[in-house]
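Colleague: I'd like to go through the empty spaces in this model and the ligand. Could you show it and tell me how each term is earned?

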Amino acid sequence: MTRHVAVIGHPVAHSRSPLIHGHWIAEHGIDGSYDRRDVPPADIAGFLADFAASGLVGANVTVPHKEAAFAAAQQRDPVAQALGAVNTLWLADGRLHGANTDVHGFLANLDTAAPEWDRALDEAVVLGAGGAARAIVYGLLSRGIGRVTVANRTLSRAEALRAQFGDRVLPVDWRDLAGTLPSARLLVNTTSLGMKGQPPLDIDLSLLSPDAVVTDAVYVPLETPLLRAAKARGLAAVDGLGMLLHQAVPGFERWFGVTPQVTPALRALAVEDLRAKGQLA
Ligand code: ATR
């Protein structure tokens, strides 16, 4: 029987998940489908409460429904439990299961693109304190990084991450960011700054150590001004597209029983899609 999966969001037309999973479905000759379901906020609780009626065996969940999916999941993995957000759902034993694979996506992307990035990494700086930052801070702490500085325009949101994750998280005001850079070996942008149509992220990267790694959760444009500046300084620069590709792996494995690979061919397909939509630069 054909297994149907979809990404659920609002809006959802821009989602690249169908491109990724469609590629793997074809590659592995799977009897399955993956499409988009736009579910408005007013309908999401009802949709998830009777998920089986949707005809789907599982789903990805994107903005703004990750918290609703967390609330609806009858069983959650430890990462979702810690983050209060679910981005991957599947039915098993008549129950709705939820996981959060954003942390896996973030870590697997760095493991692949900058091997040994976490070797002797004492201090990381995370810019932003929203949902993406929460997943990334959790991932860094789970890898044993000693100190994670969180710089945010609204300091109280950075302080909330310390309250949640403990005193290895150091909240700093956005205006005090420069002082935290010299001792950092990893800089992660999770803010919307640098995204197409948003103001640039203006940071003096000369303050970073020459062996620092810079990564951006933003992937539209693929090469953000932050990553371009990092490359110009000879720093390792890791784009956010890899995070998107890697976060898709655990869901596909659940729904279709095959562990897919993030291959150069898949990445090329995603890059081509960015190019076609004028989102490369
Ligand atoms: P997400 O869940 O994708 O992380 P979010 O919760 O909207 O999205 O978070 C966006 C992040 O970008 C926040 O850290 C936000 O800072 P505030 O918490 O102060 O809002 C940050 N951000 C957005 N625009 C910004 C700007 N112009 N200057 C500095 N930070 C900005």
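Modeller: Sure, starting with the largest cavity, which has a volume of about 50 Å³. This is a predicted model, where local features need pLDDT of at least 70, side-chain atom pairs count only at pLDDT 80 or more, and totals for chains, interfaces and linings use all residues. Residues are numbered from 1 along each chain as its sequence is written, and side-chain values use heavy atoms, with hydrogens and water left out.

Colleague: Why is the space of about 50 Å³ called a cavity?

Modeller: On a 1 Å grid over the protein atoms alone, a cavity is a set of points where a 1.4 Å probe fits but cannot get out. Points are joined across faces, edges and corners, and the volume is the space filled by probe spheres set on them. The count comes to one cavity of 30 Å³ or more.

Colleague: What lines the largest cavity?

Modeller: Among the lining residues (an atom within 4 Å of a point) are Phe106, Leu110, Ile136 and Asp216. Helix H5 (102-113) and strand S11 (213-216) each supply at least two residues, and H5 has the largest share, three residues. Helices (H or I, at least four residues) and strands (E, at least two) are DSSP runs, numbered from the N terminus.

Colleague: How do you know where the ligand sits?

Modeller: A molecule sits in a pocket if more than half of its atoms lie within 2 Å of the grid points. By that test, the ligand takes the space of the largest pocket. A pocket is an open set with protein on both sides within 12 Å along at least five of seven lines. This one holds about 1,700 Å³ of space and is lined by 47 residues, with Val63, Lys66, Ala132, Met195 and Ala217 nearest its centre. Helix H6 (131-142) gives the most to that lining, five residues.

Colleague: What makes the pairing of Arg153 with the ligand a polar contact?

Modeller: The cut-off is a pair of N or O atoms within 3.5 Å. A polar side-chain atom of Arg153 lies 2.8 Å from a ligand oxygen, so the pair passes. An N or O atom in the side chain of Arg157 is also 2.8 Å from an oxygen of the ligand, and a backbone N or O atom of Ala132 is 3.1 Å from one.

Colleague: How much of the ligand does the protein cover?

Modeller: The protein covers 68% of the 650 Å² of accessible area that the ligand has on its own, by the Shrake-Rupley method with a 1.4 Å probe.

Conventions: A polar contact is a pair of N or O atoms within 3.5 Å; within protein, one must be able to donate a hydrogen and the other to accept it, and residues adjacent in sequence count only if both atoms are side-chain atoms.
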